[in-house]
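Subject: The structure, and some salt bridges to look at

Hi there,

Here is the structure I promised to pass on. Could you open it and keep it beside you while you read my notes below?

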Amino acid sequence: MDKYVCIHGHFYQPPRENPWLEDVELQDSANPYHDWNAKITEESYRTNAASRILSSERKIINIVCNYEKMSFDFGPTLMIWLQKHAPDVYESILEADKQSQQNFSGHGSAIAQIYNHIIMPLPNRRDKITQVLWGLTDFEQRFKRKSEGMWLSETAVDLETLDILAEHGIKFTILSPGQVKRIRKIGDSNWQNVNRDNIDTSRPYLCRLPSGRSISLFFYHGATAGDVANGSILRSGELFAGKLLWLLEDNGERARLAHIATDGETFGHHHRYTDMALAYCTHYIQSKNLAKFTNYGEYLVKFPPTYEAEIYENSSWSCNHGVERWRRNCGCHLGRYPSGKQQWRQPLREALDWLRDRIADSYEKQMSAFTSDPWHARNEYIRVINERSQENISQFMEQITGRQPANEEKIMVLKLLEQQRNAMLMFTSCGWFFDDIAGIETVQILQYASRAIQLDKEISARDLETQFESILENAPCNAKEYENGKKVYQMLVKNSSIDLNRVGAHLAASLIFEEFDERKEIYCYSTKVDFFERIEMGIQVLAVGRATIQSNIVLEKHLIDFAVLHFGDHNLICSVYARSEDKDFEKMKEDLKTAFAKGDTTEVMRVMSIFFRGNNYSLWHLFKDQQRRVLNQLLSSTWEEIEATFRHIYEHNFTIMQIMRGIHMPLPSALCAPAEFIINKDLCNEMRCQETDLPALRRLADQVVKLSLRIDTSTLGYEASHKINYLMGKLENSPEDIKLIDRTSQLIGILLEIVPDLNLHTAQNILFVITRKKYPEMDIKAKSGDQQAQSWCDHFRELSNYLGIKVD
């Protein structure tokens with residue numbers, strides 16, 4: 001009997017980009033990382049690209065790419081983020097697919113995913129087709145080949161969706177065992193009812209569709225997948241392997257496939273270090289020749305279906321009630337609020353369906369002025385989403401319109417298509433998955449809805465927001481401060497809305513706190529300062545200017561005048577309005593300068609209010625990342641005062657604190673808090689220094705132990721990892737530098753005493769390569785009597801020991 005194993009990872013993050021900025025803003029809940037994408041990348045996506053296999057002594061003996069041996073799908077919205085913010089991880093995923101083709105008879109392990117993870121049984125057919133085409137086109141552009149399979153969001157399925165997949169060349173998809181209704185051998189007339197517990201998951205099944213098409217289905221082993229998801233069999237790779245091999249214990253002669261599917265983030269993010277369980281599982285099975293690893297595409301060619309299956313329509317892997325979790329109060333929840341308290345889901349679905357239909361009618365009518373097939377144009381728009389260069393946009397415009405539209409026409413077309421893109425993104429499944437309409441996932445999809453409404457107002461000069469809010473008012477909110485969906489929308493979404501004037505305000509306010517730069521890219525906007533004058537009087541600053549703002553998404557250009565009055569600290573007024581006549585601007589500028597020179601701030605504010613028609617902004621209108629930088633800059637003197645006070649307390653009471661700890665007396669909080677603040681501050685400062693003072697670091701580490709101080713291991717670990725990675729990067733370029741090896745060893749040795757859970761992943765990757773490439777050469781020299789090589793080997797082995805790498 002041929003035994004095969006396939007492990008599928010579904011890697012996905014919802015689109016988290018601010019729809020007006022096209023990038024993910026600072027997310028404090030992911031601290032010390034910038035945002036959740038960055039955090040999960042470090043914990044899962046990067047670790048799976050270079051996972052460790054350990055010896056019995058818990059030393060690294062190999063580093064492997066898990067993606068090469070498994071089946072996987074990466075969501076397009078996640079790949080967009082990775083390409084921009086973690087290009088090395090992005091490239092490793094693409095390279096792994098190429099390598100998997102060599103491993104699996106030319107069949108790549110990557111498969112496509114529904115574009116932005118909508119629940120496919122719920123939208124209309126037109127939107128289903130766009131989601132499939134966008135997902136497939138995105139895949140082909142990135143992986144340079146066609147996808148054989150496609151992952152359905154939450155494995156949510158109906159026959160229409162399967163038919164659309166088959167129509168577009170998809171050979172298979174993966175479903176949970178609870179989604180199969182009955183099976184029969186191909187050619188037989190009698191059906192056999194099955195369920196999640198007795199379905200034979202070791203074979204593929206053919207699903208015949210009403211259109212006459214067909215598609216193959218793989219039903220993964222549910223119990224084993226559940227054990228993987230909850231981490232119970234990921235305590236060791238051998239345990240994981242044993243559970244998979246147990247599925248192959250059948251004495252029959254036909255080939256059998258043991259396979260599971262789970263969220264890819266299970267390996268490393270949901271359960272720390274379990275990427276290594278996955279790596280060792282594949283190593284264990286392969287090294288002992290217990291089974292062959294495969295992917296679905298290869299297995300389907302080798303062993304085509306001999307059975308066919310019928311599915312339960314409108315079913316999924318994460319809702320016991322089918323797909324009700326995404327449209328009803330079905331009882332499914334995660335525990336933050338009780339079961340049955342999700343009545344908000346239905347009005348949310350109704351509001352978004354209503355908005356989609358209103359927008360669709362307008363889109364079809366207005367887009368018909370530019371193309372004979374508006375919906376084909378939308379399907380093709382993915383080619384612009386992934387490449388927004390002027391040349392590519394021009395080619396797209398000519399393709400869909402048959403000509404080169406005038407600039408205003410081009411802006412209109414792009415606005416119409418962007419409206420449709422946001423109307424797609426607002427149906428991302430995470431918006432319904434969690435427990436409350438005030439959750440960040442639901443607020444995110446409501447932001448996409450708000451952007452679509454804004455674009456509709458610019459295109460059609462109508463207000464859809466009032467009726468949209470009225471429907472949301474029927475959605476009760478579990479968080480008492482918001483009451484209902486309308487309040488959530490008004491308090492958490494509408495204030496986030498951005499227009500070109502606000503981009504101008506961000507630019508103008510930033511110029512107060514930063515060095516002048518004539519041209520600046522602000523997220524997806526290009527800006528040019530056409531005129532700028534800055535006047536200072538004491539702590540007060542007056543700035544007057546003119547600028548040009550252009551959206552790189554819809555290409556709309558906006559000329560503005562601005563004035564900023566900074567009173568000092570966080571007190572700032574910024575006024576922005578569309579470009580006025582030159583003579584009017586000059587008069588306003590002179591009036592402001594005259595009033596400011598007299599110290600008449602009331603008159604300055606009056607002139608600003610009249611000229612700019614009350615379009616005033618404050619520090620709170622800065623975009624979040626810049627807002628945080630400015631606030632930290634303004635608070636710098638406050639932090640210095642606090643540090644000076646705490647340092648005085650710490651240094652003047654250091655001896656008494658030592659005595660107290662010497663007699664095992666706990667430190668009172670009035671002494672402990674300043675000591676911890678200063679020690680943490682000094683430790684982080686040492687990590688940020690170009691050259692770390694190792695004796696000083698040693699003293700700080702000793703004080704942590706002697707005084708039993710608590711360390712902010714999250715922040716210090718983050719800073720320390722960056723420092724270690726910096727030193728290892730230097731070592732990668734100069735591997736024979738003994739002094740650098742010694743300093744790095746000492747640094748890591750000290751840090752591990754106070755932060756035992758350091759992220760050494762990148763450092764280990766670099767040292768592992770040096771171990772393979774440089775160490776054998778130096779070892780030969782050392783054994784031949786070369787004293788310098790002997791010294792190098794001694795220091796290198798010490799560093800390898802700290803990083804947990806076996807060198808012999």
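One definition before we start: a residue counts as buried under 20% relative accessible area and as exposed over 50%, and anything in between is partly exposed. Please keep in mind that this is a predicted model.

With those cut-offs, arginine 698 at 27% relative accessibility is partly exposed, because its value falls between the two limits. Its salt-bridge partner is glutamate 753, and the closest N and O atoms of the two are 2.5 Å apart. Arginine 698 sits in helix H26 (residues 694-706) and glutamate 753 in helix H28 (residues 738-754), so this pair ties together parts that are 55 residues apart in sequence. Glutamate 753 is partly exposed as well, at 47% relative accessibility.

The structure holds 64 salt bridges in total, and two others are worth a visit on screen.

In helix H4 (residues 125-143), aspartate 138 and arginine 142 lie four residues apart, about one turn of the helix. Their side chains meet in a salt bridge of 2.8 Å, N to O. Are these two buried or exposed? Aspartate 138 has 2% relative accessibility and therefore counts as buried; arginine 142, at 8%, counts as buried too.

Helix H20 (residues 582-597) has a pair with the same spacing: lysine 587 and aspartate 591 are also four residues apart, about one turn of the helix. Here the salt bridge between the side chains is 2.9 Å, N to O. Lysine 587 counts as exposed because its relative accessibility is 52%, while aspartate 591 is partly exposed at 31%.

Finally, have a look at glutamate 518. You will find this residue in the loop between helix H19 (500-513) and strand E15 (519-522). With 38% relative accessibility, glutamate 518 is partly exposed. Leaving aside residues up to four places away in sequence, glutamate 518 touches Thr527, Lys528 and Val529. Which residues share a network of salt bridges with Glu518? They are Lys528, Asp530, Arg546, Asp561, Arg579 and Asp582. Lys528 therefore turns up twice, as a contact of glutamate 518 and as a member of that network. For a sense of distance, alanine 351 is 167 residues from glutamate 518 in sequence and 43 Å away in space, C-alpha to C-alpha.

Happy browsing, and do write back with any questions.

Best wishes

Terms used:
Residues are numbered from 1 along each chain as its sequence is written. This is a predicted model: local features need pLDDT of at least 70, side-chain atom pairs count only at pLDDT 80 or more; totals for chains, interfaces and linings use all residues. Side-chain values use heavy atoms; hydrogens and water are left out. Helices (H or I, at least four residues) and strands (E, at least two) are DSSP runs, numbered from the N terminus. Buried means under 20% relative accessible area, exposed over 50%, partly exposed in between (1.4 Å probe, protein chains only). Contact means heavy atoms within 4.5 Å. A salt bridge is a side-chain nitrogen of Lys or Arg within 4 Å of a carboxyl oxygen of Asp or Glu.
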